[in-house]
Amino acid sequence: MPRLPELGQLPAAPAGGPVNQPIPKERLAQARVLVVGDAMLDRYWFGAVDRISPEAPVPVVRVNREEERLGGAANVALNAKTLGAQATLLTVVGDDEPARKLKSLLERDGVATLLGSDPQLYTIVKLRVIGRSQQLIRVDFENTPDHEVLAQMLADYERALPEHDAVLFSDYGKGGLTHIPRMIELARAAGKPVLVDPKGSDYSRYAGATVITPNRAELAQVIGAWSSEAVLHERAHALRRQLGLEALLLTRSEEGMSLFDAAGEFHVPAQAREVFDVTGAGDTVIATLAAMLACGLPLREAVAHANRAGGIVVGKFGTATVSYEELFA
């Protein structure tokens with residue numbers, strides 16, 4: 001893909017902008033975010049790597065520590081909670097050991113839940129093997145459901161909707177959000193901002209959302225690779241109008257974020273001091289954005305806070321979160 005322009009060529013947020021103005025902690029504590037999507041359990045095996053296997057040219061990892069964390073939509077909900085907002089996770093898990101562990105972690109971390117159980121479903125597990133501070137391999141445990149797993153939760157969703165200030169759909173393309181058009185319709189009819197972390201090449205099911213937050217690779221799947229900022233702007237706005245979105249927020253890694261809305265374009269440069277691990281950074285960004293919109297902030301102001309949160313979390317290992325104190329330090 002042709003090289004993108006330098007950040008100086010993009011319309012940027014003014015220096016000393018809204019990111020320097022903390023949201024009162026009490027106000028954030030009253031914000032309520034409903035997270036709907038594919039929940040996962042992230043497992044980490046840490047070990048020493050001292051030799052190559054005699055059986056195949058691969059490293060032998062002598063595991064000496066194990067760790068489990070919330071992943072997928074569960075990590076998104078945890079990010080909103082850690083920041084200081086109230087978070088409720090609505091999802092469906094299997095009837096298995098990972099599901100029980102997932103429930104235990106959610107309870108420990110104070111994330112409210114509306115959990116459905118489906119015996120035909122394997123609770124998604126991502127196992128990462130770490131040696132010498134590097135990820136050596138990731139092993140995924142999951143199955144593709146042959147039915148709409150969240151359809152059974154629609155009544156729970158409708159009951160929960162009035163009690164929340166923003167709705168966030170975390171789509172990991174695992175089959176859990178096939179029912180999303182109806183859920184978006186209900187949320188918008190109730191006057192709630194709707195945020196979507198999208199997946200796949202067909203965004204039509206996200207029509208009517210307030211904002212979607214694809215990264216560069218995800219957006220290119222839908223609008224094609226762009227050869228210039230002008231082409232990107234034209235295609236992003238065309239997609240926004242086609243889907244009836246208020247805005248499209250493109251996360252651009254080391255290039256920051258670009259928001260496309262009815263007023264034009266708004267760019268905020270990356271604020272990462274050190275990039276250690278980008279795992280789950282998108283979860284932190286959209287969770288922060290949702291918490292800020294739930295507080296009643298304008299979208300452009302919320303984007304500046306979300307950008308800062310993303311810059312902080314990439315300096316941490318694995319799926320991680322950002323606290324109120326870190327964000328507004």
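## Helix α3 and the strands beneath

In this predicted model, helix α3, which spans residues 97-108, lies across strands β4 (86-93) and β5, and the helix runs at about 175° to β4. Both of these strands belong to an open sheet of nine strands, in which β5 is followed by β4 and then by β1.

## The nine-stranded sheet

Read in full, the order of the open sheet is β5-β4-β1-β8-β9-β10-β11-β12-β13, and the pairing within the sheet is mixed. Its edge strands are β5, covering residues 112-117, and β13, covering residues 264-268, each of which pairs on one side only.

Within this order, strand β10 (residues 211-212) and strand β11 (residues 247-251) run parallel and are joined by two bridges. At this junction I212 stands opposite L248 in β11.

## A nonpolar surface patch

L136, I137, V139 and F141 together make a nonpolar surface patch of about 330 Å². Of these residues, L136 lies in strand β7, which comprises residues 134-141. L136 is partly exposed, with a relative accessible area of 36%, and therefore passes the requirement of over 30% that applies to residues of such a patch.

## The protein as a whole

The secondary structure comes to ten helices and 13 strands, and buried residues make up 53% of the 329 residues in the protein. Among contacts with a separation of 6 or more, 69% are accounted for by residues 24 or more positions apart. The protein exposes about 14400 Å², of which carbon and sulfur atoms supply 50%.

Technical notes. Residues are numbered from 1 along each chain as its sequence is written. This is a predicted model: local features need pLDDT of at least 70, side-chain atom pairs count only at pLDDT 80 or more; totals for chains, interfaces and linings use all residues. Side-chain values use heavy atoms; hydrogens and water are left out. Two strands pair if DSSP finds at least two bridges between them. Helices (H or I, at least four residues) and strands (E, at least two) are DSSP runs, numbered from the N terminus. Contact means heavy atoms within 4.5 Å. Axes are lines fitted to C-alpha atoms, for helices over the stretch in contact, and angles run from 0 to 180 degrees between N-to-C directions. Patches are made of residues with over 30% relative accessible area and no salt bridge: like charges are joined within 9 Å, nonpolar side chains (Val, Leu, Ile, Met, Phe, Trp, Tyr) within 5 Å. Accessible areas come from the Shrake-Rupley method with a 1.4 Å probe; for residues, only the protein chains shown count as cover. A salt bridge is a side-chain nitrogen of Lys or Arg within 4 Å of a carboxyl oxygen of Asp or Glu. Buried means under 20% relative accessible area, exposed over 50%, partly exposed in between (1.4 Å probe, protein chains only).
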